[in-house]
Amino acid sequence: MLFRSFTTLLLAIFAVSASAGEKRFEISVEGAITWQERNKVQIPNDESGTRFSLVDIAGNGPWPGARIQFDWHLNDRHSLRALAAPFAYEETGVSDQDLDFAGTRFEAGEPLDAKYQFNSWRIGYRFQYYDKGPWDLWVGATAKIRDAEIRLQQNGVSSQDGNVGFVPLLHLGARYQINDHWYLLGEFDGLAGGPGRAFDVALKAGYRFNDRWEIDFGYRTLEGGADTDDVYNFAWFNSAVAGFRYRF
């Protein structure tokens, strides 16, 4: 449902841009190989739940991932952005302790299936406030919808906890043009406060073939989580990324 609404919005943006006869539309596709550095879970977040590490059960990875982003450049300084960044893995491992998770007990020493999902859907706006010399700098805001789920299953018995919620994020971007083709790019979506935090940081090098095509590659890190009465979950993922960008 979220993906269908997301796609409908992107098609509407494209139709408006095309009807105006302006080539201000941009699509970026990024592929990733992702490793799990940390993933601590306790559901519920009280004495009836066990705090454990999904890394101990599922391992560090790696797992494949991808994201797709659409940008609509309203003019030289103002842009709207839409991003779809699904991510999930399923692994089988063994816990060295009994786990009380979401109302169900899972036994130590027995095979345990674990699923982790964290899909991110975002709509954002950014303003280019600096464009002198080789530097381009942006600031903006991002509205993020997170679609998260953790599920454990053992011997035909399963328990899961899912959450769909809204997270406002600050956006910062920087690009340094080394020469006519090569550039460095940094982007940040994040905010901390209240019961949780969320950070999405990318550092890349890119190559511009012409006014339409670019490729880039680099590193992305995702870190964050929440500590509420119902849920404790903080995770940290690192990714090697590569992708392309097309403007029309």
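A salt bridge here is a side-chain nitrogen of Lys or Arg within 4 Å of a carboxyl oxygen of Asp or Glu. The model is predicted: local features need pLDDT of at least 70, side-chain atom pairs count only at pLDDT 80 or more, and totals for chains, interfaces and linings use all residues. Residues are numbered from 1 along each chain as its sequence is written, and side-chain values use heavy atoms, with hydrogens and water left out.

**Exercise 1. Describe the chain as a whole: its secondary structure, its box and its buried share.**

Step 1. Take the elements. Helices (H or I, at least four residues) and strands (E, at least two) are DSSP runs, numbered from the N terminus. The chain has two helices and 14 strands.

Step 2. Take the extent. Along the principal axes, the C-alpha atoms fill a box of roughly 60 × 30 × 30 Å.

Step 3. Take burial. Buried means under 20% relative accessible area, exposed over 50%, and partly exposed in between (1.4 Å probe, protein chains only). Of 248 residues, 42% count as buried.

Step 4. Take contacts, meaning heavy atoms within 4.5 Å. Among those between residues at least 6 apart in sequence, 61% join residues at least 24 apart.

**Exercise 2. Trace how strand 9 pairs with strand 8 and with strand 10.**

Step 1. Fix the rule: two strands pair if DSSP finds at least two bridges between them.

Step 2. Start with strand 8 (residues 111-130) and strand 9 (residues 135-154). They run antiparallel, joined by 17 bridges. Q117 has E149 in strand 9 as its bridge partner.

Step 3. Look at the turn. Four residues separate strand 8 and strand 9 in this hairpin, and G133 in the turn has a positive phi of about 60°.

Step 4. Go on to strand 10 (residues 157-177). Strand 9 pairs with strand 10 over 20 bridges, again in the antiparallel sense. T142 is partnered by L169 in strand 10.

Step 5. Check the second turn. This hairpin has two residues between the strands, and N155 takes a positive phi near 55°. N155 is exposed, at 64% relative accessible area.

**Exercise 3. How many salt bridges does a search of the whole structure find, and what do E223, D71 and E187 pair with?**

Step 1. Count. The search finds 25 salt bridges. Side chains of opposite charge can pair when their charged atoms come close.

Step 2. Take E223. It pairs with R38, the closest N and O atoms being 2.8 Å apart. The pair links distant parts of the chain: E223 sits in strand 13 (residues 213-227) and R38 in strand 1 (residues 25-42), 185 residues apart. E223 counts as buried because its relative accessibility is 16%. R38, at 29%, counts as partly exposed.

Step 3. Stay with R38. Beyond residues up to four places away in sequence, R38 touches V55, R197, E223, F234, A235 and W236. R38 and F234 are 196 residues apart in sequence, yet 7.5 Å apart in space, C-alpha to C-alpha.

Step 4. Take D71. Its side chain meets that of R81 in a salt bridge (2.7 Å, N to O). D71 is in strand 3 (residues 63-73) and R81 in strand 4 (residues 78-85), so the pair ties together parts ten residues apart in sequence. Both D71 and R81 are buried.

Step 5. Take E187. Its partner is R126, with the closest N and O atoms 3.4 Å apart. E187 in strand 11 (residues 182-193) and R126 in strand 8 are 61 residues apart. E187 and R126 are both buried.

**Exercise 4. Find the cis peptide bonds at P44 and P62, and the positive phi at A102.**

Step 1. Recall the background: most residues other than glycine have a negative phi, and most peptide bonds are trans.

Step 2. Go to P44. The bond from I43 to P44 is cis, with omega near -5°. P44 lies in the loop between strand 1 and strand 2 (52-53).

Step 3. Go to P62. A cis bond joins G61 and P62, with omega about 10°. P62 is in the loop between helix 2 (54-58) and strand 3.

Step 4. Go to A102. Its phi is near 50°, positive in a residue other than glycine. A102 is found in the loop between strand 6 (99-101) and strand 7 (104-106). At 28% relative accessibility, A102 counts as partly exposed.
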